[in-house]
Every structure is written in C-alpha cells, then in structure tokens.
Amino acid sequence: MTLMLSDKEMTVLDRLAESRGMSKTALLRQALRLYQSVTERIDRGEKVFVEHPDTKDKAELMVL
Amino acid sequence: MKSHVARVDLYNRLTNKTEPADVFQEIDQANLDDYTRLWRPAFLGRLAGLTSAAEVQAANLQDEHWDWIGKTSQRSGHLGYESFAVECAGVTQGLMFVKTTAFARLESQKGLDLVYVDLLATAPWNRHGFTATPTYKGVGRVLLVTAVSYSAELGFRGRLGLHSLPQSESWYRTQCGMTDLGVDPAVPPGVLHYFEMTEVQAQAFTAP
C-alpha cells in the first residue's frame, strides 16, 4: 500500500510526529488503533467525551 | 497469530538452576488450556481454605477472578490490545494483556502515548504467599520487560502505565522503579494505585 498525503496532511503529520516524539509511521499506526477504538465505542452506542481540565465541561466527540 | 518474541532464562527455585523460557506475542488456545487445566484449579483449591479478603491478599490471589478466556475472545481483532505469554517446561508460566490506546498522566510525560498493562499474572505455583515453595522466579519481570520493549517498538519509548493490585504495589514501586501516582478513585473499586514508568525509568529497569 502506498499512502499519498496532501501538503496540508503531511504538515499535520510532521507536526504531530515531532510533538509526540514518534515516527510518522508509528503515529499513523497509533491513529488507526485509536480510530478503531473510538469507532467501536460509537458502534456500541457509547458516547466519547473530552473534558476541560479546569471547568470540567464536557464536549462530545462527534464521529460520523 | 502467535509469534515468538524472545528466549529468556528463568530461575527454578526448586532445582537452583536456570531453564530456557519463551515469550510469545498473542495468547493462544494452548495458553488458555493451561489456564483452565492448571491455573484455575490451583486458584480454586487455595481459595477454598480462605475466609477473608486479607487472607486472599496474603495468598497472592487478588487476580483469581480475571477472565483470561473471555478477554482473549473479546479482544481478538482489536488493534488497541495485545497479549503475551511466557512458557517454560512446556507450561504457561505467565500471561499479560496490554492496551495501546492510553495516555500518560505523569506531568513530565502528560498526554504522550504509553502502553497500559491491563492484566499481568504469573502462574499460581510461582507466587510467594500462594505456596511456601514457589517454582520460577522472574516471570513478572520478564512480562514487564516485554511490555517496555513493546512500548518502544510502537514508538512510545518504553513508557508504561498500570493500576496495581495491593499485593503488587511494593514490587512495582521498589523493584521496577515506577512512579506511584497514588490511589485512582476513578477505577473500581477505588483503592488501586496508578503507576507510570517513564522513558528514563524504562531504560533503568531494562538495563542489564
């Protein structure tokens, strides 16, 4: 498989890989794991939230 | 598919000799058969004589309810989980499940990916407390080193996280050099300590 990314996508991948201290390949593999995990929870009818550390406000992660 | 990860030496306390052991990625049916045929009856036999939670902890049996067979089935095909087994003398001596979609809490590595050790157990006959004459020494260490190696393989630089049973807290703190972040009230039953291993701690733990 050959993955073609746009300049914009490659820029994001570069930045994320650098900030998280991972190679681009490792980061893409981790993204797949996380995407499967989130998708399965959504498929089970669960909701996925992110919480603000101070206000504790929750925002639902929308996965369509 | 089950794959060979490493060959290591385990010290047999009964013979005072080391024996070759193999670490495998992915628990297979043979491991689960050992659990059913050997581990589970040992757990139940020892539990039969115990009457309190304190006695269960002293007997090193706080994990006796872990459903290795159910979890292996449920997690099959999930990229977010991986399992490992240690085999020696033709028998499963240790089992481990790790989760790979987890993030660090420790301030120095907060938000970075880590391998979360979900379940780690050595066979009952290797445990102090369970028996006065445990057989193999070092199965837990082999599994934790395997988790560190897997973390490095995934690009997580050896970072680990785990919730410890009370019977194992001292081991993770003093023998493994992990950082104890205290009781995590969010994880039932609200008494388990959460530990993390940093990249530096992982290097120290795995140094020869």
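The following exchange concerns the interface of chain A and chain B in a predicted model.

Reader: Why is the pair Arg20(A) and Asp113(B) called a salt bridge?

Author: The closest N and O atoms of Arg20(A) and Asp113(B) are 3.0 Å apart, and because the rule asks for a side-chain nitrogen of Lys or Arg within 4 Å of a carboxyl oxygen of Asp or Glu, the pair qualifies as a salt bridge. Across the interface of chain A and chain B the rule finds 1 salt bridge, while 8 residue pairs are counted as being in polar contact.

Reader: Which helices of chain A supply at least two residues each to the side that touches chain B?

Author: Helix 1 (7-20) and helix 2 (24-43) of chain A each do so, and helix 2 gives the most, with 8 residues. By class, this side of chain A has 4 nonpolar, 5 polar and 3 charged residues.

Reader: What makes the span of helix 2 of chain A close to the expected one?

Author: Helix 2 of chain A has 20 residues and reaches 28 Å from its first C-alpha to its last; the expected span is 1.5 Å times one less than the number of residues, which here comes to 28 Å, so the two values agree closely.

Reader: Which residues of helix 2 of chain A are called buried, and what covers them?

Author: Buried means under 20% relative accessible area, and the residues of helix 2 of chain A in this class are Ala26(A), Leu27(A), Gln30(A), Arg33(A), Gln36(A) and Val38(A). Their cover includes helix 1 of chain A together with strand 4 (91-103) and strand 5 (113-122) of chain B.

Definitions and conventions. Residues are numbered from 1 along each chain as its sequence is written. Chains are lettered from A and ligands numbered from 1 in the order in which they are written. This is a predicted model: local features need pLDDT of at least 70, side-chain atom pairs count only at pLDDT 80 or more; totals for chains, interfaces and linings use all residues. Side-chain values use heavy atoms; hydrogens and water are left out. A polar contact is a pair of N or O atoms within 3.5 Å; within protein, one must be able to donate a hydrogen and the other to accept it, and residues adjacent in sequence count only if both atoms are side-chain atoms. Helices (H or I, at least four residues) and strands (E, at least two) are DSSP runs, numbered from the N terminus. Ala, Val, Leu, Ile, Met, Phe, Trp, Tyr, Cys and Pro count as nonpolar, Asp, Glu, Lys and Arg as charged, and the others, Gly among them, as polar. Buried means under 20% relative accessible area, exposed over 50%, partly exposed in between (1.4 Å probe, protein chains only). Contact means heavy atoms within 4.5 Å.
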